[in-house]
Amino acid sequence: MNDLQKWIRIRKELYLQMQRQVRHRLGEDTPELMRYHKTYNKEFLKKWTASNKEALWEQVSQSQVVMMGDFHALHQSQKAQLRILRSLPKGRKVVLAVEFFEAADQEKIDKYLSGKISEKEFLKSVQWQSKWGFPWEHYRPLMRWAQKHKISVRGLNKSYKKRTAMTLKSRDVFAGKKIAELVQEFPDHLVFVIYGDLHLAAPHIPEEVTKILGRPFAKKILRIFQNSESIYFQLLNKELEASTDLVRLSQNIFCLMSVPPWVKWQNYLMYLEQTYDLGLRDEDEDDDEDDEQLDYTDHVGRYVKIIADELGLNVSVDALSVYTARDSSFWMQARESYDVKTLRWIEAMIGEGMSFYLPEIKAAYLARATVNHAASLAMRYIHAQSSAMTKILMDVPSDFLSLIWLEGTAYFGSKIINHKRKTDTIADIKASLATRGPSELGKEALQLALAQKMHELMVITGVPGHRLQAKPRKKWSYMIAAQLLGGMLGERLYNGYRKKMVSTTTLRHFLSKPVDSKHFQVAYYDMLEVIESLPTLFHSKKEKL
């Protein structure tokens with residue numbers, strides 16, 4: 001088996017494993033849902049071609065209705081919707097029609113958008129948690145965008161006490177009727193629809209719209225699916241998965257490829273575990289179960305094994321213990337092992353939503369139940385084992401280079417699991433800096449990141465005696481700058497690795513460097529000289545959909 005076949009096999013197994021676990025939690029599909037899935041899957045049997053943003057914008061300009069798919073538990077899905085909306089021509093009138101609100105709640109939606117009721121009152125009035133249940137934080141930016149641009153938002157969902165596979169058809173009929181009504185009510189607007197991916201198959205909602213508006217109207221409907229598993233593995237077989245963000249299935253059908261399939265289903269699994277294990281239990285379940293806390297050690301450990309196997313490292317997960325903010329024992333261990341100064345640093349990392357590894361007590365802290373955080377944490381553990389790391393790094397500026405390297409390797413490891421992840425570039429940092437006021441939070445860190453990048457280039461090109469032209473007043477600015485610089489370093493390193501410009505032998509050598517050594521600076525610049533010679537895939541992450 002060659003390297004590509006092994007790469008594909010491991011990732012297909014991970015995807016199928018995640019999907020099986022989700023299916024196990026949700027229960028077996030009903031015959032109705034299986035038929036619904038089968039119809040949806042037929043969409044991706046068509047011959048497709050790699051496409052680009054320009055082709056998509058051209059088709060948007062010719063469309064009266066845009067239907068964009070939604071995978072509810074995946075934040076990247078809603079981020080992609082927002083990116084498309086933000087890219088619409090400024091002069092284009094838009095009405096936003098969404099599945100995540102019921103049509104019966106339209107008066108409440110209008111009041112919220114106009115500021116007549118608070119967000120808290122609104123969510124309570126529409127019964128968000130019980131009727132939709134997916135994280136409001138994922139959808140809030142869409143509503144903020146609508147408020148800012150004075151865009152009308154219309155609910156498309158039909159009211160049911162419980163949505164099941166039996167209600168799929170009637171929901172499609174209802175949504176189709178509502179969309180057709182919006183086209184008639186706003187003939188000079190673009191009706192932008194956000195609805196679950198499965199519902200966008202031609203015989204589902206699109207057919208209900210054309211039944212009312214006529215068959216010729218089908219040409220005015222643009223459909224944008226998200227993250228087809230079958231297309232992804234075809235891209236993977238052709239080694240196009242990293243360079244292809246968009247495919248075209250026909251004149252007015254596209255599929256946006258923003259995450260690999262296992263990331264999509266792992267996020268859904270984590271959502272289900274959080275939701276059903278932490279609060280939405282049946283009333284007749286034992287109350288003691290509510291106190292049971294989630295154990296993410298298996299999730300992170302799975303990634304440890306995949307990454308370690310990928311890099312040819314022998315790393316045991318026996319000593320791995322993963323904690324979250326809900327684990328009081330984590331903080332108890334920390335207080336017993338660290339002084340006040342170190343505890344404040346740990347508190348700051350927790351407060352900033354960072355995942356990290358504490359080698360002294362062999363404890364891994366997972367800030368967020370996402371694939372990127374879990375994969376980054378897995379790599380932090382691997383790195384700590386490979387470099388025989390013995391202490392937390394927090395003494396800045398002396399530990400600054402070590403912190404950059406830790407962030408860089410963590411990001412690199414997360415790319416092995418989620419190669420679609422993107423980081424800020426120098427261009428993005430400069431753009432952010434240009435919009436910050438003189439005393440705005442984070443400006444100091446951005447300035448430090450740019451100054452450090454310039455300093456690094458001076459050092460590796462042999463400019464004698466060059467010094468870092470930045471002295472931050474806040475110690476935490478070093479940590480933020482380390483994250484930014486580490487992301488760029490990890491992105492470049494991963495790209496070089498996938499293009500076979502950096503071998504696994506070299507990577508193992510890099511990871512073995514004692515990062516908490518006083519002499520790490522020499523090793524850092526030696527490694528950086530190699531990494532800076534590697535190509536980058538994009539000038540700005542905003543280039544990507």
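Let me start with a cut-off: exposed means over 50% relative accessible area, and buried means under 20%. Anything in between is partly exposed. Keep that in mind, because A388 sits at 52% relative accessibility and therefore counts as exposed. I'll come back to that residue. One caution before the tour: this is a predicted model.

First, the overall picture. The protein chain has 545 residues, and 54% of them count as buried. It holds 22 helices and eleven strands. The C-alpha atoms fill a box of roughly 75 × 55 × 55 Å along the principal axes. How does the radius of gyration fit a compact globule? For 545 residues, the expected value is near 24 Å. The protein chain has 25 Å, so the two agree. Now contacts along the sequence. Take those between residues at least 6 apart. Of these, 77% join residues at least 24 apart.

Next, backbone geometry. Here is the background. Most residues other than glycine have a negative phi, and most peptide bonds are trans. I have three places to show you against that.

Start with the peptide bond. V396 and P397 are joined by a cis peptide bond, with omega at about 10°. Where is P397? Look in the loop between α16, residues 371-386, and α17, residues 400-417.

A388 lies in the loop between α16 and α17. Its phi is positive, about 55°, although A388 is not a glycine. As promised, back to accessibility: A388 is exposed, because 52% is over the 50% cut-off.

The third place is Q127. Phi of Q127 is near 55°, again a positive value in a residue other than glycine. Q127 sits in the loop between α6, residues 119-125, and α7, residues 128-131. Is Q127 exposed or partly exposed? Partly exposed, because its relative accessible area is 40%.

Now helix packing. Two packed helices are described by the angle between their axes and the distance between the axes. I have three pairs.

Take α1 with α11. Helix α1 covers residues 3-26, and helix α11 covers residues 229-237. They pack at about 165°, with axes 10 Å apart. So α1 and α11 are roughly antiparallel. The crossing of α1 past α11 is right-handed. Who makes the contact? From α1 we have L4, W7, I8, R11, K12, Y15 and Q19. From α11 we have E229, F233, L236 and N237. By type, this contact has six nonpolar residues, two polar and three charged.

Stay on α1 and turn to α13, residues 297-311. The angle here is about 175°, and the axes are 11 Å apart. That makes α1 roughly antiparallel to α13. On the α1 side, the contact uses K6, W7, I10, R11, L14, Q17, M18 and Q21. On the α13 side, it uses R302, Y303, I306, D309 and E310. The split is six nonpolar, two polar and five charged. Note W7 and R11. They appear in the contact with α11, and they appear in the contact with α13.

The last pair is α4, residues 75-86, with α8, residues 136-148. Which way do they run, parallel or antiparallel? The angle is about 10°, and the axes are 8 Å apart. So α4 and α8 are roughly parallel, since angles under 35 degrees count that way. α4 brings H75, Q78, Q81, L82, L85 and R86 to the contact. α8 brings E137, H138, Y139, P141, L142 and W145. Here the residues divide into six nonpolar, four polar and two charged.

Two single residues to finish. First, Q59, in helix α3, residues 53-61. Its relative accessible area is 3%, so Q59 is buried. What does Q59 touch, leaving aside neighbours within four places in sequence? L222, R248, Q251, N252 and F254.

Second, L468. This residue is in the loop between α19, residues 443-460, and α20, residues 476-498. At 25% relative accessibility, L468 counts as partly exposed. Beyond its neighbours within four places, L468 is in contact with L448, A451, Q452 and H455. Also consider K453. L468 and K453 are 15 residues apart in sequence, and their C-alpha atoms are 9.2 Å apart in space.

That's the tour.

Technical notes:
Residues are numbered from 1 along each chain as its sequence is written. This is a predicted model: local features need pLDDT of at least 70, side-chain atom pairs count only at pLDDT 80 or more; totals for chains, interfaces and linings use all residues. Side-chain values use heavy atoms; hydrogens and water are left out. Helices (H or I, at least four residues) and strands (E, at least two) are DSSP runs, numbered from the N terminus. Buried means under 20% relative accessible area, exposed over 50%, partly exposed in between (1.4 Å probe, protein chains only). Axes are lines fitted to C-alpha atoms, for helices over the stretch in contact, and angles run from 0 to 180 degrees between N-to-C directions. Angles under 35 degrees count as roughly parallel, over 145 as roughly antiparallel, 65 to 115 as roughly perpendicular and the rest as oblique. A crossing is left-handed if the near helix is turned anticlockwise from the far one by less than a right angle, and right-handed if clockwise. Contact means heavy atoms within 4.5 Å. Ala, Val, Leu, Ile, Met, Phe, Trp, Tyr, Cys and Pro count as nonpolar, Asp, Glu, Lys and Arg as charged, and the others, Gly among them, as polar. The radius of gyration is taken over C-alpha atoms; the globule rule is 2.2 Å times the number of residues to the power 0.38.
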